[in-house]
Amino acid sequence: FFFFQAEDGIRDSVASRGLGDVYKRQAYECAQFCMLNMMVPLKEIVGGLDNIEKIIKVTVFVNSAPGFTGQPGVANGASDFLVKVFGDAGKHARAAVGVAELPLNSPVEIELIAKVKGTKQKLIVHLFTIMKPVSYTHL
């Protein structure tokens with residue numbers, strides 16, 4: 001197994017903990033940005049995104065106020081992004097979990113497990129804070 005962890009700053013324009021449709025929409029975008037920020041180091045670790053055979057599982061932790069039940073909608077941001085990038089290989093098992101707090105008051109924390117082509121190894125990537133998106137041209 002490979003273990004990878006990355007840190008970025010918190011996206012300033014997003015409430016870190018929320019309730020309601022506005023937060024759900026913003027947190028969906030945060031989950032996409034979090035996945036996007038994972039792609040550059042993931043590409044470097046495995047020698048290119050083409051070396052990812054399959055996304056196995058994604059766990060999305062959502063910083064949630066009491067009564068917020070929109071965690072699956074927030075997690076869709078990560079899932080939708082992975083399917084756009086990897087096609088059918090991006091379809092995965094998923095857990096969406098509401099939590100009372102996250103490190104650095106981040107709105108979203110994501111763990112990803114991927115199968116690397118040509119090996120029996122799985123890659124575990126964990127990114128717990130998000131910031132401005134990196135450019136797609138880096139991919």
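**Close-up 1. Helix α2 from end to end.** In this predicted model, α2 runs for 16 residues and spans 23 Å from its first C-alpha to its last. That's close to the 22 Å you'd expect at 1.5 Å a residue. Look along the helix and you'll find a kink of about 25 degrees, centred on Gly77. Just past the helix sits Gly87, with a positive phi near 65 degrees.

**Close-up 2. The buried residues of α2.** Which residues of α2 are buried? Start with Gln71, then pick out Val74, Ala75, Gly77, Ala78 and Ser79, and finish with Phe81, Leu82 and Phe86. Gly77 shows up here as a buried residue and is also where the kink is centred. A handy thing to keep in mind while you count along: an α-helix has 3.6 residues a turn, so residues three or four places apart point the same way.

**Close-up 3. Ser64 and its polar partners.** Ser64 belongs to the loop between β2 and α2. Buried or exposed? Ser64 is buried, with a relative accessible area of 8%. What does its side chain reach? One partner is the backbone oxygen of Val62, at 2.9 Å. Another is the side chain of Gln71, joined to the Ser64 side chain by a polar contact of 2.9 Å. Gln71 is itself one of the buried residues of α2.

**Close-up 4. The largest nonpolar core.** Here you're looking at a core of 29 residues, in which Met35, Met39 and Ile110 touch the most other members. Four elements each give two or more residues to this core: the helices α1 (21-46) and α2 (71-86), plus the strands β2 (52-63) and β4 (108-116). Which element gives the largest share? That's α1, with eleven residues. As a bit of background, nonpolar side chains tend to be buried together in soluble globular proteins.

**Close-up 5. Two cysteines without a bond.** Zoom in on Cys30 and Cys34. Both are buried: Cys30 has a relative accessible area of 0%, and Cys34 has a relative accessible area of 0% too. Why is there no disulfide between them? To count as one, two cysteine sulfur atoms must lie within 2.5 Å. The closest cysteine sulfur to that of Cys30 is the one in Cys34, and because it is 8.5 Å away, it's too far for a bond. Start from Cys34 instead and the closest cysteine sulfur is the one in Cys30, again at 8.5 Å. So the count comes to zero disulfides by this rule.

Definitions and conventions:
Residues numbered from 1 in each chain as written. Predicted model: local features only at pLDDT ≥ 70, side-chain atom pairs only at ≥ 80, totals over all residues. Heavy atoms only, no water. Buried < 20%, exposed > 50% of the residue type's maximum accessible area, 1.4 Å probe, protein only. Core = buried A, V, L, I, M, F, W, Y, C linked by side-chain atoms within 4.5 Å. Expected span 1.5 Å × (residues − 1). Bend = angle between axes of the 7 residues up to and from the residue. Polar contact = N/O pair within 3.5 Å; in protein donor to acceptor, adjacent residues only side chain to side chain.
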